[in-house]
Amino acid sequence: MKKILITGGAGYIGSHTAVQLVQSGFEPIIIDDLSNSEEKVLDRLEEILGKRLTFYKGDCSDAGLLNQLADEHDLAGVIHFAAFKAVGESTVDPLKYYQNNIGSLMTILAFMKARQIKDLVFSSSCTVYGQPDVLPVTEATPRQDAESPYGNTKKICEDILVDLVKSKPGIRVISLRYFNPIGAHPSGKIGELPIGTPANLVPFVTQTAAGIREKLTVFGDDYDTVDGSCVRDYIHVMDLADAHVKALAYLGEQKENFYDVFNVGTGNGNTVLEVINTFEKVNDLKVNFEVGARRPGDVVKIWADTAKINSVLNWQPNYSLEDSLRDSWNWQKSL
């Protein structure tokens with residue numbers, strides 16, 4: 001059973017990917033500093049999987065901890081999730097984002113090279129496209145100037161990976177450009193658990209519906225979209241997790257010094273107001289929201305062309321927007 005290191009593996013996407021890895025015959029080894037997650041996620045994973053996953057509490061920028069971990073486990077690959085990800089915060093505190101997001105990748109890559117660990121799946125983002133001129137975006141769509149320091153860290157990290165592979169270090173890398181992950185495990189045992197104020201739309205929706213927050217603010221209704229609110233490609237987190245497993249399998253078939261990139265989305269765009277309306281409809285609820293000012297760093301509209309990942313990785317999304325918002329509410333209720 002191949003052991004795969006998951007940085008940020010107690011987080012939202014990492015925990016769901018851990019489930020998919022186990023169910024696909026891999027053994028995940030989780031490292032997480034719990035800065036945006038909670039250790040009780042491991043208990044929930046144990047309930048889902050029927051076994052306790054190996055967990056190291058710490059920062060993946062800690063080379064000493066990584067080497068201790070590699071002494072104890074024969075790692076076949078790494079999935080690197082760990083990063084700060086709040087677009088708004090990154091515009092206020094850019095240095096925090098550059099130091100953490102780029103620095104952690106540098107440490108991981110040096111560790112992989114020294115330990116001769118071949119395979120890396122990197123958590124990138126559709127933010128590398130900025131505000132694209134043509135929609136939907138393909139992997140060949142030119143990357144624009146990032147709309148936020150967060151987005152710029154993902155661009156820089158991708159450039160680092162390309163340059164490293166050109167130097168022939170003996171590794172194989174796939175960057176997955178995520179669109180907007182939402183939803184939760186169908187069991188309701190794990191889901192998005194933001195510490196403090198959420199950075200994403202759906203936790204705001206569910207927390208407002210649950211009465212935790214008084215109201216939800218929609219950032220702008222005067223954009224050039226069907227109802228004036230921003231458009232995103234919302235993908236169920238279990239579909240995203242499945243893409244990581246397929247990416248790992250595909251890397252195993254490639255020669256050394258390989259790099260490729262894939263969009264991971266549904267191929268459809270929905271506005272913020274459509275998401276709120278769909279949530280209300282599928283869960284028979286009303287969400288108290290108001291329209292506020294535009295938010296700095298927000299892209300107006302973006303969604304994916306998924307032809308490449310469909311054909312090359314044989315990956316297709318299995319969950320609808322309705323499924324995602326139903327699972328998100330079931331997860332919120334379980335809290």
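At what angle do helix α3 and helix α5 pack, and how far apart are their axes? In this predicted model, helix α3 (residues 63-72) packs with helix α5 (residues 94-115) at an angle of about 35 degrees, and their axes are 10 Å apart. The points below take up that helix pair, then the sheet, and then the helices that lie on the sheet.

**The α3 and α5 contact**

- The crossing of α3 and α5 is right-handed, and on the α3 side the contact is made by A63, L66, N67, A70 and D71, while α5 contributes T107, I108, F111 and R115.
- Sorted by character, the residues of this contact of α3 with α5 comprise 5 nonpolar, 2 polar and 2 charged.

**The sheet**

- Seen as a whole, the sheet is open and has 7 strands in the order β3-β2-β1-β4-β5-β6-β11, with parallel pairing.
- Its edge strands, each of which pairs on one side only, are β3 (54-57) and β11 (258-264), and the twist from one strand to the next averages 20 degrees.
- Within the sheet, strand β1 (residues 3-7) pairs with strand β2 (residues 27-32) in the parallel sense over 5 bridges, and I6 stands opposite I30 in β2.

**Helices on the sheet**

- Helix α5, which also packs with α3, lies across β1, β4 (75-80) and β5 (119-125), and runs at about 170 degrees to β4.
- Helix α8 (residues 237-251) likewise packs on the sheet, where it touches β1, β4, β5, β6 (172-178) and β11, and the direction of α8 makes about 160 degrees with that of β6.

Notes: Residues numbered from 1 in each chain as written. Predicted model: local features only at pLDDT ≥ 70, side-chain atom pairs only at ≥ 80, totals over all residues. Heavy atoms only, no water. Axes fitted to C-alpha atoms, helices over the stretch in contact; angles between N-to-C directions. Helix = DSSP H or I, 4+ residues; strand = E, 2+ residues; numbered from the N terminus. Left-handed = near helix turned anticlockwise from the far one by under 90°. Contact = heavy atoms within 4.5 Å. Nonpolar A, V, L, I, M, F, W, Y, C, P; charged D, E, K, R; others polar. Pairing = 2+ DSSP bridges.
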